[in-house]
Amino acid sequence: MNPARAFNLPLASDLKRIAVNGLACSVALHKPHRLPTSHVDSRQQSESHRVRLANAVPLGRLKCSAMEHLPPIQFAPARGGRIAYQRFGEGTVPLVAIPPAAQNIEASWELPELRSMFTQLGSFCDYIHFDKRGTGASDTNQLVPGIDERVDDLRAVLDHAGLERAHLFAQSEGGPMTLLFAAAYPQRVLSVTLVGSGARTMPDGIDRDQQVALREIFADLWGTPDSMAVPVFVPSKLTDPDFVSWHQRYERVAASSAAIRDLMMQMMDWDVRDVLADIECPILVLHRTNDPAMPVELGEEVARLGKDTTFVQLPGDDHFCYVGEREWIDHLERFITGHVTPREPLQAQQAISITTLGRFAVTVDGNEVPTSAWGSRRARTLVKRLAAAKGWPVRREELADLLWPDQPDPAVWGARLSVQLSTVRRVLHGGIVADRQTISLDLQGVDVDLVRLLAAPSDADILEIYQGAFLPEEAAEEWRRAPYVEALTAARGAGHRLLTVALDAPDPERATQLANLLLSWDEFDEVAHDAAIAAADAAGDPAGAATARARREAAFS
């Protein structure tokens, strides 16, 4: 392993590239007036959510329809400050999530991917998550406590929530502390699940001095436009400027640069491998093969040294578990409940739908809105740009520049924008959230196929939703590029995975269909060309194989 990759933090030679890849973003950096909500399909959403209220009296439940109201922040008293936590969910099995390096449990609901993950987790358990002291919504009047103090902080949360025993779920650097707690308080732990974590955060063979220097740089850039967090922890999101912009602001509300520096220096010395043999409860280790921050070897190590361990290696290239495939949640649910809840097929719940894949259309109660109803091309363009933002707020200045590029006077374009916004609200029967600085789509009332595609639970659902390129008629627009690439990448990935399954089956007819579909999107897809030839050969169709070879030669000649 390269000794400059402890976290795997980038090499010094990478820093210039990362700064360039900071991706300047036109989306507002301020906190939205409302929290954008992802389209959560029925796999991830139930009719209501019951929120635990942890008071001194016996704990009751409050129903929250579709998480319209966030779970209340509660505070567990601890030595030196209060620990903020939320409690929600429909299940009876208690699951306590140990925080990663830095988060903010209140602001995290803004991100559609996190909101949908919380919804899915809450569908089968009584879920508690909290911010460690010195970070997020917890008291921040001191630096982050040491790992031994955090063991007692977890006990304080359990006590305040009235839980004698619970399943523990740790992500990232939360693993070592969770294992220490399980060893120290075995009577309070039903099981431990580690996701992208281990008994230590530093693999063998690391140059400590170089890591100290790199972590100083990481802390200095925390929360800035040049932050290294997204490139290091979730590289697949580098092409999504809305996510990058949001995450930089999220970093600022999750922890200070000083807190991050302190925490990262602490982590270099954490190694609790010696307690693994003392842990009596079952341990489930879930780890992505290409985790860029915590090498998969650290998860395998826990499975090898623990007593009652199960190791599951999952595909993926991101460290943050809320990004990418959610198969790990099924493993977690089966581990703590004994079964996996059947998921209903993906369905659109909204009566108002915006189609952006293959063409642009708006339907209301199944009826497509005619072009004449829009009044002007600008109203349609406004909706297209807001759909490209996937529910994130877009600054009014950017929208004005898009619609009236030659009009610099805010007094003029401001009034014009209000007129176009009125038309859009009439067509969408609302569907808009606007404040003085930004405008966004209300995803609680409007279904956008792009959002649904990116939240789809299976490859088959992705291919069903993807009907073509994102807004092909806007190919020249810069704002269209990121969602276009994101949608095509998701569809091609799903198509390639299903193609592999069909070839292995073998199912030549299905493989041919999938190969032709992929080639209709990209005539230079070598994987699809080779699959078309292999499928024809497997079907005993020499003429078809010859046609597929000729097509490949024509594409690359």
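How many cavities of 30 Å³ or more does a search of the whole structure find? The count comes to seven. Keep in mind that you're looking at a predicted model, so to speak of a cavity here is to speak of computed space.

Let's start with the largest cavity, which holds about 490 Å³ of space. It is lined by 33 residues, and the ones closest to its centre are Pro100, Ala101, Ala102, Gln103 and Phe320. If you'd rather find your way by secondary structure, look for strand S5 (94-98), H2, strand S6 (126-130), helix H7 (241-254) and helix H8 (257-267), the elements that each give two or more residues to this lining. The chemistry of the wall is easy to sum up: 25 residues are nonpolar, seven are polar and one is charged.

Now for the open counterpart. The largest pocket contains about 1,200 Å³ of space. Its lining takes in 42 residues, with Ser236, Val323, Gly324, Glu325 and Leu454 closest to the centre. Four helices give two or more residues to that lining: helix H2 (112-122), helix H14 (449-454), helix H15 (459-465) and helix H16 (481-504). Which element gives the most to the lining of the largest pocket? That's H16, with seven residues. By class, the pocket lining divides into 18 nonpolar, 11 polar and 13 charged residues. H2 is worth a second look, as it turns up among the elements named for the pocket and again among those named for the largest cavity.

H16 makes a good bridge to the helix packing. Its partner is H17, and the two pack at an angle of about 160° with their axes 9 Å apart. That angle is over 145°, the cut-off used here, so H16 is roughly antiparallel to H17. The crossing is left-handed. On the H16 side the contact uses Leu488, Ala491, Arg492, Gly495, His496, Leu498, Leu499, Ala502 and Leu503, and these meet Arg510, Ala511, Leu514, Ala515, Leu518 and Trp521 of H17. Sorted by class, that contact has 11 nonpolar, two polar and two charged residues.

Before leaving this pair, check the link between them. The loop between H16 and helix H17 (508-521) is where Pro506 sits. A cis peptide bond joins Ala505 to Pro506, with omega at about -10°.

Next, go to H18 and H19. The axes of helix H18 (residues 526-538) and helix H19 (residues 542-556) come within 7 Å and cross at roughly 165°. H18 and H19 are therefore roughly antiparallel to each other, and their crossing is left-handed. H18 brings Glu526, His529, Asp530, Ala532, Ile533, Ala536 and Asp537 to the contact, while H19 brings Gly544, Ala545, Ala548, Arg549, Arg551, Arg552, Ala555 and Phe556. Here the class count is seven nonpolar, two polar and six charged residues.

A further pair takes us back to H8, which you met in the lining of the largest cavity. The axes of helix H5 (residues 208-221) and H8 come within 8 Å, crossing at roughly 155°. H5 and H8 are therefore roughly antiparallel as well. What is the hand of the crossing where H5 passes H8, left or right? This one is right-handed. From H5, the residues Val212, Arg215, Glu216, Phe218, Ala219 and Asp220 meet Ser257, Ile260, Arg261, Met264, Met265 and Met267 of H8. That contact has seven nonpolar, one polar and four charged residues.

One last stop is a backbone detail that you may want to bring up in your viewer. Lys390 has a positive phi of about 60°, although it is not a glycine. You'll find Lys390 in the loop between helix H11 (377-388) and strand S14 (394-395).

Definitions and conventions:
Residues numbered from 1 in each chain as written. Predicted model: local features only at pLDDT ≥ 70, side-chain atom pairs only at ≥ 80, totals over all residues. Heavy atoms only, no water. 1 Å grid on protein atoms, 1.4 Å probe; cavity = no way out; pocket = protein on both sides within 12 Å on 5 of 7 lines; lining within 4 Å. Points joined across faces, edges and corners; volume = space filled by probe spheres on them. Nonpolar A, V, L, I, M, F, W, Y, C, P; charged D, E, K, R; others polar. Axes fitted to C-alpha atoms, helices over the stretch in contact; angles between N-to-C directions. Parallel < 35°, antiparallel > 145°, perpendicular 65-115°, else oblique. Left-handed = near helix turned anticlockwise from the far one by under 90°. Contact = heavy atoms within 4.5 Å.
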